[in-house]
Amino acid sequence: MIHVENISKSFDGQVALQPISLTFRRAETSILIGPSGCGKSTLLKLLLGLIPADTGRIRFDDVELSDSSVQQIRQRTGYVIQEGGLFPHLTAKENIALLARSIGWTEAVISARIAEIAKITQMPVEKLASYPAQLSGGQRQRVSLMRALMLDPDVLLLDEPLGALDPLIRSELQADLKDIFESLGKTVVMVTHDLAEAAFFADEIVLLREGQIVQKGSFEELQQKPADPFVTKFFGAQIDRVAPLLSAPHGSSPRSFNGGGNS
Ligand code: ADP
Ligand code: MG
């Protein structure tokens, strides 16, 4: 479990995140969603210890995030930051293998694991010798995902990991990722601005606005019992795109999002 207690962050006196408290439950997928600039990426970066919080604390199970624990926590945590975060001077394969090499995995084990996750993320293996700049946006995103999955972490923190993919590929990868999250019991915190994607993945949705939590709960709860007019407005603006994603073509069972209440 990830516990967030009174975490806040300002940049140059501008509040990006008000003090918020949240728990992300083990083996569940939590989705952070909200308008651009509402603090989603800031929260994810705070969870990763990439930026320091102004107040509060974050615990991964019983380990508090601090300068001395951050390396240990990152080894259990796969992450994709919004910008991708690949090292430009390393090939795709070197990016993916970096952490595994640093903790002493053999080349044979590394290659076997890379073959496995290339299949999962549908990354062409022959492209792994390329540098990030030589790859398409979608391929770079797959490489970022492969890097996050490499050590088979318990926790995945993903900032719009499917953002730059074209719709068809995106829909395929969504289904694959959902299988990975569920079958391997990952604790996932994923940022998206796309309500359809949120509905598809989320056990819990956290809707943010201007650095504050407006509402959290299941997709159905937010839709059927909005805590604030903003929730209704946010859902109203996107709901037309939710239906197709929740029905076919994915293998998983379609969810009713229109009052059926099955979740
Ligand atoms: P989101 O991911 O929800 O679009 P962010 O968390 O990236 O939003 O940003 C929240 C707010 O904090 C925005 O107003 C953004 O401009 C500001 N912000 C984020 N990172 C920085 C930074 N490094 N320096 C200054 N302001 C920042
Ligand atoms: Mg962002």
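Student: Which residues touch the most other members of the largest nonpolar core?

Tutor: In this predicted model, the largest nonpolar core holds 48 residues. Helix α7, spanning residues 195-201, gives the most to this core, with six residues. The members that touch the most others are L158 and F181.

Student: Between which parts of the chain does this core lie?

Tutor: The chain is divided into two domains, of which domain 2 covers 81-152. Domain 1 is made up of 1-76, 155-162 and 182-249. Both give residues to the core, so it lies between domain 1 and domain 2.

Student: With which residues is L158 in contact, leaving aside its neighbours within four places in sequence?

Tutor: Contact here requires heavy atoms within 4.5 Å. Once the neighbours within four places in sequence are left aside, the partners of L158 include F181, the other residue singled out in the core. The full set is L44, V80, L145, A148, F181, V188, V189, M190 and V191.

Student: How are the rings of F181 and F201 arranged: stacked, edge-to-face or tilted?

Tutor: A pair of aromatic rings is described by the distance of the centres and the angle of the planes. For F181 and F201 the centres are 5.6 Å apart and the planes meet at 45°. Planes under 30 degrees apart would count as stacked and those over 60 as edge-to-face. Since the angle falls in neither range, the pair is tilted.

Student: How many residues apart along the chain are F181 and F201?

Tutor: F181 belongs to helix α6, residues 167-183, and F201 to helix α7. Both residues are buried, and their pair links distant parts of the chain. Their separation is 20 residues.

Student: Which residue lies over the face of F200, and at what distance from the ring centre?

Tutor: F200 is joined through ring pairs to F181 and F201 in a cluster. A lysine also lies over the face of the F200 ring. The residue is K178, at 4.6 Å from the ring centre.

Student: Is T29 buried or exposed?

Tutor: T29 is found in strand β3, residues 29-33. Beyond its neighbours within four places in sequence, T29 is in contact with F181, V188, F201, A202, D203 and E204. Its relative accessibility is 5%, and the limit for burial is under 20%. T29 therefore counts as buried.

Student: Which residues coordinate the magnesium ion (ligand 2)?

Tutor: The coordinating atoms are an OG and an OE1, at 2.0 to 2.3 Å. One residue lies in helix α1 (residues 40-47) and the other in the loop between β6 (77-80) and α3 (92-102), 41 residues apart. They are S41 and Q82.

Student: What are the relative accessible areas of S41 and Q82?

Tutor: Under 20% counts as buried and over 50% as exposed, with partly exposed in between. By these limits S41 is buried, whereas Q82 is partly exposed. The value for S41 is 18%, and that for Q82 is 40%.

Student: How far apart are the C-alpha centres of domain 1 and domain 2?

Tutor: The two domains meet through 13 residues of domain 1 in contact with 10 residues of domain 2. The C-alpha centres of the domains are separated by 25 Å.

Student: What distance separates the C-alpha atoms of V125 and A100?

Tutor: V125 is placed in the loop between α4 (107-121) and α5 (137-149). This residue is exposed, with a relative accessible area of 52%. V125 and A100 are 25 residues apart along the chain, and their C-alpha atoms are separated by 18 Å.

Terms used: Residues are numbered from 1 along each chain as its sequence is written. Chains are lettered from A and ligands numbered from 1 in the order in which they are written. This is a predicted model: local features need pLDDT of at least 70, side-chain atom pairs count only at pLDDT 80 or more; totals for chains, interfaces and linings use all residues. Side-chain values use heavy atoms; hydrogens and water are left out. A nonpolar core is a set of buried Ala, Val, Leu, Ile, Met, Phe, Trp, Tyr and Cys residues joined through side-chain atoms within 4.5 Å. Buried means under 20% relative accessible area, exposed over 50%, partly exposed in between (1.4 Å probe, protein chains only). Helices (H or I, at least four residues) and strands (E, at least two) are DSSP runs, numbered from the N terminus. Domain bounds come from an automatic or database domain assignment. Rings of Phe, Tyr and Trp (its six-membered ring) pair if their centres lie within 6.5 Å; planes under 30 degrees apart count as stacked, over 60 as edge-to-face and the rest as tilted. A charge sits over a ring if NZ of Lys or CZ of Arg is within 6 Å of the ring centre and within 35 degrees of the ring normal. Donors are N, O and S atoms within 2.8 Å of the metal (3.2 Å for Na, K and Ca); water is not among the atoms, so sites may look incomplete.
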